[in-house]
Amino acid sequence: MTTQMTSNIDRRSFPRLQAPLYSRPARMKIGEKKQVLDVSLGGARIYSDEPQDVGSRLDLELFLPDGSSLECTARIVWAVKLPKDAVARFEVGLSFIDVPDETLERLKTVLVADET
């Protein structure tokens, strides 16, 4: 049985804008950075090689295009196991929680659509 994850109704509270961001679990100075697939002020979609439990919290470090980074906490809202030949083992949907206003303001600077 296959579960379809999309519908004709967009239920997102925040617009999704592509941004050149990478992430890894916060406070891990080693480990591969994974590209953030989709991001908004409300959350993100990422790759993970580790299984993630829906409802659990994840401390995340986001690497911005200017070389700086910011830390945030997210809640796992969904996780899908990817095929064996995929770039990672899982695709994970995150909802940002307890994000300080300063962090949101920094994130907004990268979420500007390129109109050129």
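# Reasoning about a predicted model

Guide: In this predicted model, strand β1 (residues 22-25) has the lowest mean pLDDT among the elements of the protein, at 56, and strand β6 (residues 90-97) has the highest, at 93.

Visitor: What is the average pLDDT of the protein?

Guide: The average is 75, and 68% of the residues score at least 70. Over residues 1-18, pLDDT stays under 50. For that stretch the model has 20 contacts beyond four places in sequence.

Visitor: Which elements does the protein have, and in what pattern do they follow one another?

Guide: There are one helix and six strands. Along the sequence they give the pattern β-β-β-β-β-β-α.

Visitor: Where is Ser48, and why is Ser48 called buried?

Guide: Ser48 belongs to strand β3, which covers residues 43-48. The relative accessible area of Ser48 is 9%, and buried means under 20%; therefore Ser48 is called buried.

Visitor: Which residues does Ser48 touch?

Guide: Leaving aside residues up to four places away in sequence, Ser48 touches Ala88, Arg89, Phe90 and Val92. In addition, the side chain of Ser48 reaches the backbone oxygen of Glu50 at 2.8 Å.

Visitor: What makes Glu91 and Arg45 a salt bridge?

Guide: The closest N and O atoms of Glu91 and Arg45 are 2.6 Å apart. A salt bridge requires a side-chain nitrogen of Lys or Arg within 4 Å of a carboxyl oxygen of Asp or Glu, so the pair qualifies. Glu91 is in strand β6 and Arg45 in strand β3, so this pair ties together parts that are 46 residues apart in sequence.

Visitor: Are Glu91 and Arg45 buried, partly exposed or exposed, and how do you know?

Guide: Glu91 has a relative accessibility of 16%. The limit for buried is under 20%, so Glu91 counts as buried. Arg45 stands at 26%, which lies between that limit and the 50% above which a residue is exposed; Arg45 therefore counts as partly exposed.

Visitor: How do you know that Asp98 and Arg57 form a salt bridge?

Guide: Their side chains meet at 3.5 Å, N to O, and the cut-off is within 4 Å, so the pair is a salt bridge. Asp98 is in the loop between β6 and α1 (101-110), while Arg57 is in strand β4 (residues 57-63), 41 residues apart.

Visitor: Why are Asp98 and Arg57 called exposed?

Guide: Exposed means over 50%. Asp98 has a relative accessible area of 63% and Arg57 has 54%, so both are called exposed.

Visitor: Where do Lys108 and Glu105 lie, and what makes them a salt bridge?

Guide: Both residues lie in helix α1, three residues apart, which is about one turn of the helix. Their side chains meet at 3.1 Å, N to O; the cut-off is within 4 Å, so this pair also qualifies.

Visitor: Why are Lys108 and Glu105 called partly exposed?

Guide: Lys108 has 39% relative accessibility and Glu105 has 44%. Partly exposed is the range between under 20% and over 50%, so both residues are called partly exposed.

Visitor: How many salt bridges does the protein have by this rule?

Guide: The count comes to three.

Conventions
Residues numbered from 1 in each chain as written. Predicted model: local features only at pLDDT ≥ 70, side-chain atom pairs only at ≥ 80, totals over all residues. Heavy atoms only, no water. Helix = DSSP H or I, 4+ residues; strand = E, 2+ residues; numbered from the N terminus. Buried < 20%, exposed > 50% of the residue type's maximum accessible area, 1.4 Å probe, protein only. Polar contact = N/O pair within 3.5 Å; in protein donor to acceptor, adjacent residues only side chain to side chain. Contact = heavy atoms within 4.5 Å. pLDDT = per-residue confidence, 0-100.
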